[in-house]
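Here is a short tour for the bench. Have a look at the sequence and the fold, then read on.

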Amino acid sequence: MKHIELDIRHLEGFITKNEYNAFQKELNVIHPMLMNRRGKGSDFLGWLDLPSGISDNEIDAIENAAAELRAISQIVVVVGIGGSYLGARAVIETQKHAFSPWLSPAASPEIVYAGHQLSQDYMADLLDVLEKSAWSVIVISKSGTTTEPALAFRILKNQLEKQYGKQGAAKRIVAITDEKRGALKQLATQEGYPTFVVPDDVGGRYSVLSPVGLLPIAVAGIPVREILKGAAEMENRVKTTPDMEQNPAAKYAAVRNILYRKGKAVEFMVNYLPALYYITEWWKQLYGESEGKQNRGILPHGVSFTTDLHSMGQYIQDGLRVIFETTLSVEKTKREILIPEDDANLDGLNYLAGKDLQYVNKMAGLGTTLAHVDGSVPNMHIHIPEITPYYMGQLIYFFEAACALSGYILDVNPFDQPGVEAYKRNMFALLGKPGFEEETRKIQERIKE
Ligand code: PA5
């Protein structure tokens with residue numbers, strides 16, 4: 001069986017062999033700190049044992065709940081924000097048909113998302129579709145009190161109850177939340193919604209291999225056991241050794257920090273396949289929220305090539321030299337399209353006839369890497385054999401483990417997010433939330449004309 005591997009050959013000239021080898025010493029300290037749960041935020045390391053710690057019974061329960069939702073729904077709305085929805089969306093988008101709503105017969109159910117922003121136009125458009133469909137909701141919030149998903153759920157629950165009545169609606173709602181605490185837990189208990197638990201020691205952005213990610217993924221018809229199998233393979237490689245040559249997560253954590261210390265403060269995650277767009281979005285959240293604190297951290301950014309070569313490509317080639325790139329490099333696409341011969345050949349493309357489109361994509365990628373390296377942008381590649389659930393499992397665990405190691409290298413707590421509270425306090429003060437009276441007075445004073 002092949003593995004996900006980190007290829008650093010295009011870092012030559014940016015990192016010396018000595019710098020690379022010397023970093024192993026730091027990893028020999030950091031890796032045991034993570035594995036022996038002695039680092040910052042060590043009460044949030046439950047994800048280290050996801051997948052190996054998930055029981056067969058739990059997987060059965062997830063599969064059964066997914067089958068029930070699939071049987072009664074044309075559309076399933078996944079309500080959540082940040083780590084409570086991005087992991088599931090990342091995996092689902094890698095597996096779905098790019099034009100699934102127009103397939104005939106349509107793929108069923110279609111997974112859509114809500115509660116990840118506050119747009120009322122988006123919500124109104126969604127309700128237009130839902131009121132004419134058979135639909136259900138998976139509502140996910142560990143705290144059970146996050147404003148965006150709580151508001152979305154209030155609106156959707158109201159709509160479900162209008163369509164199906166209170167009892168009918170309760171059969172179409174699954175809640176994923178804390179085992180004991182929070183408003184969502186209370187509501188779920190009161191209304192009798194089936195519930196799955198976000199483990200106490202697993203933070204939102206590390207929760208994709210818990211019911212938070214697995215239930216929506218299973219509802220999308222993706223075999224979660226394959227994902228867990230792939231993740232378990234990576235778990236084994238990551239846990240066994242700090243050796244960068246054996247442990248790709250350690251290697252990635254090391255290399256990005258060597259580059260950061262040399263002034264490369266911005267990492268662009270590059271994809272050449274739109275199906276990987278949400279993997280980058282999830283990675284941005286995982287790394288941005290885990291590392292960006294105490295006035296430090298690598299800024300995670302994402303680009304989709306070749307599309308963005310016609311926009312951001314200029315900056316990457318020629319702008320401020322603070323960037324390095326990590327490319328998600330897929331060996332084998334799901335499908336093949338051969339370029340046809342054309343008699344007139346007015347576009348001059350007959351030299352490509354008989355080749356497949358991915359061959360051209362690959363050459364565009366290689367050409368871009370070489371050009372960016374020439375423009376002083378260090379490049380590394382994450383080789384992914386295929387975009388299958390198995391390899392997506394490997395990729396998820398790889399990124400989670402590397403993020404934790406990298407956070408420890410940066411000497412931050414990769415499992416908290418204190419900075420996220422600032423906007424919430426201002427928003428609550430502006431909205432006049434009970435308990436925020438003093439903040440409301442101060443903020444009104446501040447914004448007075
Ligand atoms: O990764 C995180 O911890 C956050 O992004 C949370 O997932 C996000 O804020 C949603 O929180 P909750 O699940 O409590 O609604």
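The notes below go through strands, helices, charged pairs and the surface of this predicted model.

## A strand inside the fold

Let's begin with β2, the strand that spans residues 75-79. Since 5 of its 5 residues are buried, β2 is largely enclosed by the rest of the structure. In a regular strand the side chains alternate between the two faces of the sheet. For β2, one side carries I75, V77 and V79, while V76 and V78 sit on the other, and all of these residues are buried. Both faces of the strand are therefore covered.

Which strand pairs with β2, and in what direction does it run? The partner is β3, made up of residues 110-114, and the two strands are parallel, joined by 5 bridges. If you would like one contact to find on screen, try V77, whose bridge partner in β3 is V112.

## A covered helix

Helix α7 covers residues 211-219, and 9 of its 9 residues are buried. Going along the helix, these are P211, V212, G213, L214, L215, P216, I217, A218 and V219. After α7 comes G221, a residue with a positive phi, near 85 degrees.

## Salt bridges along and across the chain

How many salt bridges does a search of the whole structure find? The count is 30. One of them pairs K239 with D49, with 2.6 Å between the closest N and O atoms. This pair ties together distant parts of the chain: K239 belongs to helix α8 (residues 224-240), D49 lies in the loop between α1 and α2, and 190 residues separate them. Both ends are partly exposed, as K239 has a relative accessibility of 26% and D49 has a relative accessible area of 28%.

Another salt bridge is formed by E281 and K284, whose side chains meet at 3.0 Å, N to O. Because they are 3 residues apart in helix α10 (residues 277-291), about one helical turn separates E281 and K284. K284 is partly exposed, its relative accessible area being 26%. Elsewhere, R37, D49, E235 and K239 are joined into one network by salt bridges that share partners.

D178 and R181 also form a salt bridge, and here the closest N and O atoms are 3.2 Å apart. Is each partner buried or exposed? D178 has 4% relative accessibility, under the 20% cut-off, so D178 counts as buried. R181 has a relative accessible area of 52%, which is over 50%, so R181 is exposed.

## Out on the surface

On the surface you will find a patch of negative charge where D121, D125, D128 and E131 gather. D121 is part of helix α4, which runs over residues 120-130. With 58% relative accessibility, D121 counts as exposed.

G53 makes another good stop, in the loop between α1 (17-35) and α2 (56-72). G53 counts as exposed because its relative accessibility is 52%. To place G53 in the wider fold, take E289 as a second marker: the two residues are 236 apart in sequence and 25 Å apart in space, C-alpha to C-alpha.

Note on methods:
Residues are numbered from 1 along each chain as its sequence is written. This is a predicted model: local features need pLDDT of at least 70, side-chain atom pairs count only at pLDDT 80 or more; totals for chains, interfaces and linings use all residues. Side-chain values use heavy atoms; hydrogens and water are left out. Patches are made of residues with over 30% relative accessible area and no salt bridge: like charges are joined within 9 Å, nonpolar side chains (Val, Leu, Ile, Met, Phe, Trp, Tyr) within 5 Å. Accessible areas come from the Shrake-Rupley method with a 1.4 Å probe; for residues, only the protein chains shown count as cover. A salt bridge is a side-chain nitrogen of Lys or Arg within 4 Å of a carboxyl oxygen of Asp or Glu. Lys and Arg count as positive and Asp and Glu as negative; His and the chain ends are not counted. The place of a charge is taken as NZ of Lys, CZ of Arg, CG of Asp or CD of Glu. Helices (H or I, at least four residues) and strands (E, at least two) are DSSP runs, numbered from the N terminus. Buried means under 20% relative accessible area, exposed over 50%, partly exposed in between (1.4 Å probe, protein chains only). Two strands pair if DSSP finds at least two bridges between them.
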